[in-house]
Amino acid sequence: MILKIGDEFADSDFSLLTRHLGLLDQELIRLSAAIAVSPDPDSEGYLEAGDYFIGHGFVAIQRYLTATRACLGVMMADAFAVPPMATNELSLAAAINAGANYWKHMDEWIETLNKTADAELKGNALKTLQQLETITPWAEYSCAKLLAALLDGQPVELSCLLPQIEIWRAKVFELRSAKPGP
């Protein structure tokens, strides 16, 4: 449940998300230090591990975004159109949602594409990749590349997204408040 008192929010899900991302960031910070001194961070598995933790962070944020908009009675399309924006066309919430869906489904998409020479992605899979590709190419370590692009020079830590998620929550709350009553 989300309550707004004055300009402040009481949001237990956000508090839990903050704790969760902090735990993932501990590992990302350790991996960043190892990457900085490694002669070959890819072959040592550091890049893959970083993408793994970032992908799981995107899924945790996706769950928060979904729970928040549902609690406030805002439709997904409306909530994912709300600023802040990641690009001129794509909101931060939609970009994170695409990153989470990519992380959850990429292996089945690769399996689909490997079945036949003329296989192609369709529907939500194609839409997700198109959204992702407005920010970063679909390639190795797409979650890490997406996070780095969303953070635009900040440390590559999931918690750095929290201020933008708070802005999103306030704007979704405004959407809810602007809806006519029953």
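# A tour of the predicted model

Start with the charges: the mean positions of the 14 positive and 24 negative charges of the protein lie 10 Å apart. Lys and Arg count as positive here, Asp and Glu as negative, while His and the chain ends are left out. Each charge is placed at NZ of Lys, CZ of Arg, CG of Asp or CD of Glu.

This is a predicted model, in which local features need pLDDT of at least 70 and side-chain atom pairs count only at pLDDT 80 or more, while totals for chains, interfaces and linings use all residues. Residues are numbered from 1 along each chain as its sequence is written, and side-chain values use heavy atoms, with hydrogens and water left out.

## Whole chain

Show the cartoon. The protein has seven helices and two strands. Along the sequence they follow the pattern β-β-α-α-α-α-α-α-α. Helices (H or I, at least four residues) and strands (E, at least two) are DSSP runs, numbered from the N terminus.

Now take the overall dimensions. The C-alpha atoms fill a box of roughly 55 × 40 × 25 Å along the principal axes. The radius of gyration is 17 Å, which agrees with the value near 16 Å for a compact globule of 182 residues. That radius is taken over C-alpha atoms, and the globule rule is 2.2 Å times the number of residues to the power 0.38.

Switch to the surface. About 10,200 Å² is exposed, and carbon and sulfur atoms supply 55% of it. Accessible areas come from the Shrake-Rupley method with a 1.4 Å probe; for residues, only the protein chains shown count as cover. Of the 182 residues, 40% count as buried. Buried means under 20% relative accessible area, exposed over 50%, and partly exposed in between (1.4 Å probe, protein chains only).

Then turn to contacts (heavy atoms within 4.5 Å). Among contacts with a separation of 6 or more, residues 24 or more positions apart account for 67%.

## Aromatic pairs

Select the rings of Phe, Tyr and Trp (its six-membered ring); they pair if their centres lie within 6.5 Å, and planes under 30 degrees apart count as stacked, over 60 as edge-to-face and the rest as tilted. By this rule there are four aromatic pairs.

Go to Phe 9 and Phe 173. Their rings pair edge-to-face, 5.4 Å centre to centre, with 85 degrees between the planes. Phe 9 lies in strand β2 (residues 8-11) and Phe 173 in helix α7 (residues 162-178), so the pair ties together parts that are 164 residues apart in sequence. Both Phe 9 and Phe 173 are buried.

Next, pick Tyr 52 and Phe 53. This aromatic pair is also edge-to-face: 5.6 Å centre to centre, 90 degrees between the planes. Tyr 52 is partly exposed at 43% relative accessibility. Phe 53 is partly exposed at 23%. Add Trp 103 to the selection: ring pairs link Tyr 52, Phe 53 and Trp 103 into a cluster.

## Helix stops

Select Asp 13 in helix α1 (residues 12-37). Asp 13 is partly exposed, at 27% relative accessibility. Leaving aside residues up to four places away in sequence, Asp 13 touches Arg 63, Tyr 64 and Ala 67. For a distance check, use Phe 80: its C-alpha is 18 Å from that of Asp 13, and the two are 67 residues apart along the chain.

Move to Gln 131 in helix α5 (residues 123-133). Gln 131 counts as buried at 18% relative accessibility. Outside residues up to four places away in sequence, Gln 131 touches Leu 90, Ala 94 and Ala 98.

Now find Lys 171 in helix α7. Lys 171 is partly exposed at 33% relative accessibility. Lys 171 touches Val 82 and Pro 83, not counting residues up to four places away in sequence. The C-alpha atoms of Lys 171 and Lys 4 are separated by 12 Å, with these positions 167 residues apart along the chain.

## Backbone stops

Stay with Pro 83. A cis peptide bond joins Pro 83 and Pro 84, with omega about 10 degrees. Pro 84 sits in the loop between α3 (76-79) and α4 (92-115).

Jump to Tyr 141, in the loop between α5 and α6 (142-151). Tyr 141 is not a glycine, yet its phi is positive, about 60 degrees. Tyr 141 is buried, with a relative accessible area of 17%.

Finish at Asp 152, in the loop between α6 and α7. Its phi is near 45 degrees, a positive value in a residue other than glycine. Asp 152 counts as exposed, at 67% relative accessibility.
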